[in-house]
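Could you walk me through this structure, one selection at a time? I have it open in a viewer and would like to know what to click on next.

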Amino acid sequence: MINRFKKAFRDTFIVQLYKKIKEEIKFKKRQYRNIPAGFLFYGNALMEQGNFEITETNLFSELFKEADIFIDIGANIGYFTCLACSSGLKVFAFEPSLKNLPYLYENIRQNQWQKQVEVFPIGLSDKPDLLEIYGEGTGASLISGWAGASTASFQIIPVNSLNSVVGGRLGLNRVVVKIDIEGAEYQALCGADKILDLNPKPIWLVEITFEEHRHGSR
């Protein structure tokens, strides 16, 4: 009973308004720092200290040396987008979260990479649609109940396929693709067969979970 009450209170308008005001204050107080990755950035402490996903960061840094284009699906606030820009790549960044987008925009602008990055404030799936995205921040997902997110708190976002958005624009470039969209990776891949068939073959790094964060999993 107590847990049910806490959940209901968490989803009330007053609580959501409080969280929105708190986030706006946080955004206005942000300060950009030169981080070990080699660019100006505002993010969480791990990103700013050079301790964020070290294995992945090192892997991307090596892959970017031989690439021309980076497709960042689930760009969040732009850490890997900025890492690619610092290596001179053209970037297509996809991020639908209204909470993440202001940070993504400003992390790009602070480094004057806005002509190098195309930001698409949409989600990716197998076809155009308007879908519900649950939760917020790094855990926002198109999957209902993902990571325990309340189904009472959601946004409606546009989605499209990767084929439709950039499928005909990659040419003979060497492409690296990152997909990290909290359980909806399969649907995005279903709408990306044109990119899968490119020559030279793109390099794909896709987050896959079998049980973690799924509704009803242990």
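Before we start clicking, here is one definition to carry along: a residue is buried when its relative accessible area is under 20%, exposed when that value is over 50%, and partly exposed in between. Please also keep in mind that this is a predicted model.

**Stop 1: the whole chain**

Show everything as a cartoon. The chain holds 9 helices and 10 strands. Of its 218 residues, 43% count as buried. Now switch on the surface: about 12400 Å² is exposed, and carbon and sulfur atoms supply 55% of that area. Contacts also reach along the chain: among those between residues at least 6 apart in sequence, 66% join residues at least 24 apart.

**Stop 2: the largest nonpolar core**

Hide the surface and select Phe-39, Phe-41, Phe-60, Phe-64, Phe-70, Tyr-79 and Val-176. These residues have the most contacts inside the largest nonpolar core, which has 31 residues. Next, colour helix H4 (54–64), helix H5 (79–86), strand S4 (90–94) and helix H6 (101–110), since each of them supplies at least two residues of this core. Which of them gives the most to the core? H5 does, with 6 residues.

Zoom in on Tyr-79. Leaving aside residues up to four places away in sequence, Tyr-79 touches Ile-35, Ala-37, Phe-39, Phe-41, Met-47, Phe-52 and Thr-57. Another core, of 21 residues, lies apart from the one you have been looking at; to find it, select Ile-71, Ile-73, Leu-170 and Ile-181, which are among its members.

**Stop 3: aromatic rings**

Display the side chains of Phe, Tyr and Trp. The structure holds 16 aromatic pairs. Start with Tyr-32 and Tyr-42, whose rings are 6.1 Å apart centre to centre, with 65° between the planes, in an edge-to-face pair. Tyr-32 sits in the loop between helix H2 (13–28) and strand S1 (33–34), while Tyr-42 sits in the loop between strand S2 (40–41) and helix H3 (45–49), so this pair ties together parts that are 10 residues apart in sequence. Is Tyr-42 buried or exposed? Its relative accessibility is 15%, so Tyr-42 counts as buried.

Move on to Tyr-79 and Phe-80. Their ring centres are 5.1 Å apart and their planes meet at 80°, so this pair is edge-to-face. Both Tyr-79 and Phe-80 are buried. To see the wider setting, select Phe-39, Phe-41, Phe-52, Phe-60, Phe-64, Phe-70, Tyr-79, Phe-80 and Trp-113, which form one aromatic cluster.

**Stop 4: a sheet**

Return to the cartoon and select S6, S7 and S8. These 3 strands form an open sheet in the order S6-S8-S7, with mixed pairing. At the edges are strand S6 (123–124) and strand S7 (129–134), each of which pairs on one side only. S7 and strand S8 (residues 154–160) run antiparallel and are joined by 6 bridges. To see one position, click on Glu-132: its bridge partner in S8 is Ile-156. As background, strands of a sheet pair through backbone hydrogen bonds, either parallel or antiparallel.

**Stop 5: salt bridges**

Side chains of opposite charge can pair when their charged atoms come close. A search of the whole structure finds 9 salt bridges. Begin with Arg-174 and Glu-66, which meet at 3.7 Å, N to O. Arg-174 is in the loop between helix H7 (162–166) and strand S9 (175–179), and Glu-66 is in the loop between H4 and strand S3 (69–73), so the pair ties together parts that are 108 residues apart in sequence. Arg-174 is partly exposed, at 37% relative accessible area, whereas Glu-66 is exposed, at 55%.

Now select Arg-109 and Glu-106, another salt bridge, with the closest N and O atoms 3.1 Å apart. Both lie in helix H6, 3 residues apart, which is about one turn of the helix. Arg-109 counts as partly exposed at 48% relative accessibility, but Glu-106 counts as buried at 15%.

For the last pair, choose Asp-126 and Lys-127, whose closest N and O atoms are 3.6 Å apart in a salt bridge. Why does Asp-126 count as partly exposed? Its relative accessibility is 35%, and values between 20% and 50% fall in that class. Lys-127 is partly exposed too, with 45%. Finally, add Asp-68 to your selection of Glu-66 and Arg-174: salt bridges that share partners join these residues into one network.

Note on methods
Residues are numbered from 1 along each chain as its sequence is written. This is a predicted model: local features need pLDDT of at least 70, side-chain atom pairs count only at pLDDT 80 or more; totals for chains, interfaces and linings use all residues. Side-chain values use heavy atoms; hydrogens and water are left out. A nonpolar core is a set of buried Ala, Val, Leu, Ile, Met, Phe, Trp, Tyr and Cys residues joined through side-chain atoms within 4.5 Å. Buried means under 20% relative accessible area, exposed over 50%, partly exposed in between (1.4 Å probe, protein chains only). Helices (H or I, at least four residues) and strands (E, at least two) are DSSP runs, numbered from the N terminus. Contact means heavy atoms within 4.5 Å. Accessible areas come from the Shrake-Rupley method with a 1.4 Å probe; for residues, only the protein chains shown count as cover. Two strands pair if DSSP finds at least two bridges between them. Rings of Phe, Tyr and Trp (its six-membered ring) pair if their centres lie within 6.5 Å; planes under 30 degrees apart count as stacked, over 60 as edge-to-face and the rest as tilted. A salt bridge is a side-chain nitrogen of Lys or Arg within 4 Å of a carboxyl oxygen of Asp or Glu.
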